[in-house]
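Here are some remarks on the model, set out as numbered points for reading alongside the coordinates.

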Amino acid sequence: PQVSSSWDNGKADHGPASATDGKYGDQKQAWAGKNAKGGDWLILDLGTVKAVGKIAYDTRYRLDVLGQIWQESFMISGSLDGKSWFELVKGGDAGAGTAKLHEFEFEPKGVRYLKVDGIKSHYTARSDWHHAYVGEIEVSEVRAEEQQRLVKDELAEGVSALERGDKTVGQLREEILQGEE
């Protein structure tokens, strides 16, 4: 499921599900936040913790405005619990006419939730239009062997947190159970 801070519910194609429907920004409209000044965000729940090593992120808004709407900056973060976030990737387009499908590969990380925020967008036809939007976002998991390594690393980090006194056994157990839901 997808959750957003808000969305332009005046348009059927602007809901959060539009960001993960497999139709990229050159095919249809995108999820768009309701606030014209920006600041909206989108969160995706992957259902379980996945070993994510690749993200495709589309800054194209829709066909009729491909050369006019673009994102100066955006950030995609990951989380295991939906509360504590860590940066996965940052990016942006170079200017008008440069919106595109961005493809990022990085050292795999265990992720259950993705958050897209920090979106600074521009529309050359309207200086007051800065809606946060996501044309499409797609996550790719890594191979099973890599996922096993990540689980071992997360387990080792949990043990270290217990040894340092940063977490209690109950807190660690709750994090593990949340990841299995």
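1. Which residue forms a salt bridge with Asp45, and how many Å apart are the closest N and O atoms? The partner is Arg112, and the closest N and O atoms of the two residues lie 3.0 Å apart. Please keep in mind throughout that this is a predicted model. The pair links distant parts of the chain, since Asp45 belongs to strand β3 and Arg112 to strand β6, with their positions 67 residues apart in the sequence. The two ends differ in their surroundings: Asp45 is partly exposed, at a relative accessible area of 21%, whereas Arg112 has a relative accessibility of 7% and therefore counts as buried, the limit being under 20%.

2. A search of the whole structure finds 8 salt bridges, and another of these joins Lys115 to Asp117, with 4.0 Å between the closest N and O atoms. Here both partners, Lys115 and Asp117, are buried. As general background, side chains of opposite charge can pair when their charged atoms come close.

3. Glu157 and Arg164 also meet through their side chains in a salt bridge, at 3.2 Å from N to O. Neither end is enclosed in the sense used above, because Glu157 is partly exposed at 45% relative accessibility and Arg164 is partly exposed with a relative accessible area of 49%. The pair should be read together with Asp166, as Glu157, Arg164 and Asp166 are linked in a network of salt bridges.

4. Strand β4 deserves a careful look, because 8 of its 11 residues are buried and the strand is therefore largely enclosed by the rest of the structure. On one side of the pairing scheme, β4 runs antiparallel to strand β6, which covers residues 101-123, over 9 bridges, and within this pairing Ser77 has Lys115 of β6 as its bridge partner. Lys115 is thus a residue to view twice, given that it also forms the salt bridge with Asp117.

5. Strand β4 pairs as well with strand β5 (residues 86-91), again in the antiparallel sense and over 5 bridges, and in this pairing Ile76 stands opposite Val89. The two strands form a hairpin with 6 residues between them, and Gly82 in the turn has a positive phi of about 80 degrees.

6. Ile76 returns in the largest nonpolar core, which has 21 residues; those touching the most other members are Ile55, Tyr57, Ile76, Leu114, Ile119, Val134 and Ile137. The elements that give two or more residues to this core are β3, β4, β5 and β6. For Ile119, leaving aside residues up to four places away in sequence, the contacts are Trp31, Tyr57, Gln71, Ser73, Phe74, Ala132, Tyr133 and Val134. Apart from this core lies another, of 8 residues, among them Ala32, Tyr61, Ile69 and Trp129.

7. Is Arg60 buried or exposed? With a relative accessibility of 15%, Arg60 counts as buried, because this value falls under the 20% limit. Arg60 is found in the loop between β3 (42-58) and β4 (69-79), and its side chain is joined to that of Asp58 by a polar contact of 2.8 Å. Arg60 is also separated from Ala125 by 65 residues in sequence and by 16 Å in space, taken from C-alpha to C-alpha.

Terms used
Residues are numbered from 1 along each chain as its sequence is written. This is a predicted model: local features need pLDDT of at least 70, side-chain atom pairs count only at pLDDT 80 or more; totals for chains, interfaces and linings use all residues. Side-chain values use heavy atoms; hydrogens and water are left out. Helices (H or I, at least four residues) and strands (E, at least two) are DSSP runs, numbered from the N terminus. Buried means under 20% relative accessible area, exposed over 50%, partly exposed in between (1.4 Å probe, protein chains only). A polar contact is a pair of N or O atoms within 3.5 Å; within protein, one must be able to donate a hydrogen and the other to accept it, and residues adjacent in sequence count only if both atoms are side-chain atoms. Two strands pair if DSSP finds at least two bridges between them. A nonpolar core is a set of buried Ala, Val, Leu, Ile, Met, Phe, Trp, Tyr and Cys residues joined through side-chain atoms within 4.5 Å. Contact means heavy atoms within 4.5 Å.
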